[in-house]
Amino acid sequence: MTEDKIRLGISSCLLGEKVRFDGGHKRDPFLTDSLGAYVEYVPVCPEVEVGLPIPRETLRLVGEVDAPRLVFSKSGEDITERMQTWAAKKVRALEAEGLCGFIFKSKSPSSGMERVKVYDGNGVPSLKGVGIFARAFMDHFPLLPVEEEGRLHDPVLRENFIEAIFTFKRWRQLLAAGGSAGRLVAFHTAHKLQIMSHSVEIYREIGKLVATAGRLSEQELFDGYLLLLAKAMRQKPTLAKHTNVLQHILGYFKKQLSADEKQEVLEIINRYRRGEIPLIVPVTLLNHFVRKYDQPYLRDQVYLNPHPLELRLRNHA
């Protein structure tokens, strides 16, 4: 890991800023304290930045789910165009921030990523809406990892999102170093097992793309690679996918492990596959053998060390 922090957009209230309609906040300790040690946040509060006061009347989405209006709950004043105009300008400004992802405030009519209430003509809500700013952001940055603070309490979703933002950080470092076909091949080599843990199919597809590197322009190569990488990172790893990768790693030690060592690894992998122990157990054992037998290819695999151990993301069974 580099010392450079990941730049991450976030709804301001999640950092403890008192910007909500009632003058309160929704500070999330995991985001501010645990993840905050590795992240430089870029806070955004659409409702305050569009010029609304604190405190203020609550807003809601009304009308069509795919094209809702943003109105004040009591007065009925419609500020849809005002918010959309601000959001279009804001996402263009955020291009300069070098973001690796965004964490939205759930249920918010401006910032909710999904399942936001949209009220029909009879005042009946449907949980199918997207906040006005969140929609603008995701349309403008379709490849960036996004999540909501509520979903990040799910350990699988949390690990998947944080793995993705660390991956995008490494991608930005690759571009900053001067993107070249050779550097991209090195990046891909280090990320092979990580990509495989998300999707074997996309792993093969990316492999074919990298194999054609000499026949594509660098722009085509990098654009195509990022598209597939983002697609892979959105697919969640499973016990079966991780087990496949762990067994693949074990194959590199065919000539080195003793019969007892091999049996120990197989037992640990099977216990993980059955959901009895967390992923950190087989990964720690395999990392031990990588060091013991000096496996240079595996030593550089991001999969074995994708994010800081302090975040304890692989400790859930």
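Two residues are in contact here when heavy atoms of each lie within 4.5 Å. With that in hand, let us walk through the structure together.

**Ground rules**

This is a predicted model, in which local features need pLDDT of at least 70 and side-chain atom pairs count only at pLDDT 80 or more, while totals for chains, interfaces and linings use all residues. Residues are numbered from 1 along each chain as its sequence is written, and side-chain values use heavy atoms, with hydrogens and water left out.

**The whole protein**

The protein has 12 helices and eight strands. Helices (H or I, at least four residues) and strands (E, at least two) are DSSP runs, numbered from the N terminus. Along its principal axes, the C-alpha trace spans about 75 × 45 × 35 Å. Of the 317 residues, 48% are buried; buried means under 20% relative accessible area, exposed means over 50%, and partly exposed covers what lies in between (1.4 Å probe, protein chains only). If you take the contacts between residues at least 6 apart in sequence, 67% of them join residues at least 24 apart.

**Some buried residues**

Pro282 lies in helix α11 and is buried, at 2% relative accessible area. Setting aside neighbours within four places in sequence, Pro282 is in contact with Leu246, Ile268, Ile269, Tyr272 and Ile277. Val44 is 238 residues away from Pro282 in sequence, and their C-alpha atoms are 40 Å apart in space.

Leu99 touches Arg7, Leu8, Gly9, Val42, Leu94, Phe137, Leu144 and Arg172, not counting residues up to four places away in sequence. From Leu99 to Asp33 the C-alpha to C-alpha distance is 19 Å, with their positions 66 residues apart in sequence.

Ser111, with the same kind of neighbours within four places left out, is in contact with Ser11, Pro46, Phe104, Lys105, Gly131, Phe133 and Ala134. For Ala213, the C-alpha atom is separated by 12 Å from that of Ala186, 27 residues apart along the chain.

Here is where three of these residues sit, with their accessibility:

| Residue | Loop | Relative accessible area |
|---|---|---|
| Leu99 | between α3 (80–94) and β5 | 2%, buried |
| Ser111 | between β5 and β6 | 3%, buried |
| Ala213 | between α7 and α8 (218–233) | 15%, buried |

**A four-stranded sheet**

Strands of a sheet pair through backbone hydrogen bonds, either parallel or antiparallel. In this protein, an open sheet of four strands runs in the order β4-β3-β6-β7, with mixed pairing; two strands pair if DSSP finds at least two bridges between them. β4 (68–72) and β7 (125–129) are at the edges with a single partner strand each, so one side of each has no neighbour in the sheet. On average, neighbouring strands of this sheet are turned by 50° against each other, direction ignored.

Strands β3 (residues 59–63) and β6 (residues 116–119) run parallel and are joined by two bridges. Leu61 stands opposite Val118 in β6.

**Two packed helices**

Two packed helices are described by the angle between their axes and the distance between the axes. Helix α6 (residues 181–198) and helix α7 (residues 200–211) have axes that come within 8 Å and cross at roughly 160°. Axes are lines fitted to C-alpha atoms, for helices over the stretch in contact, and angles run from 0 to 180 degrees between N-to-C directions. That crossing angle makes α6 roughly antiparallel to α7, a label for angles over 145 degrees.

On the α6 side, the contact is made by Val185, His188, Lys192, Ile195, Met196 and His198, and on the α7 side by Val200, Tyr203, Ile206, Gly207 and Val210. By class, this contact has seven nonpolar, three polar and one charged residues. Ala, Val, Leu, Ile, Met, Phe, Trp, Tyr, Cys and Pro count as nonpolar, Asp, Glu, Lys and Arg as charged, and the others, Gly among them, as polar.

**Backbone points to look at**

Most residues other than glycine have a negative phi, and most peptide bonds are trans. Which peptide bond is cis here? The bond from Ile54 to Pro55 is, with omega near -5°. Pro55 has its place in the loop between α2 (46–49) and β3.

Lys107, in the loop between β5 (102–104) and β6, has a positive phi near 70° without being glycine. Lys107 is exposed, at 68% relative accessible area. Asp294 is not a glycine either, and its phi is positive at about 50°; look for Asp294 in the loop between α11 (280–292) and α12 (296–299).

Note on methods: Angles under 35 degrees count as roughly parallel, over 145 as roughly antiparallel, 65 to 115 as roughly perpendicular and the rest as oblique.
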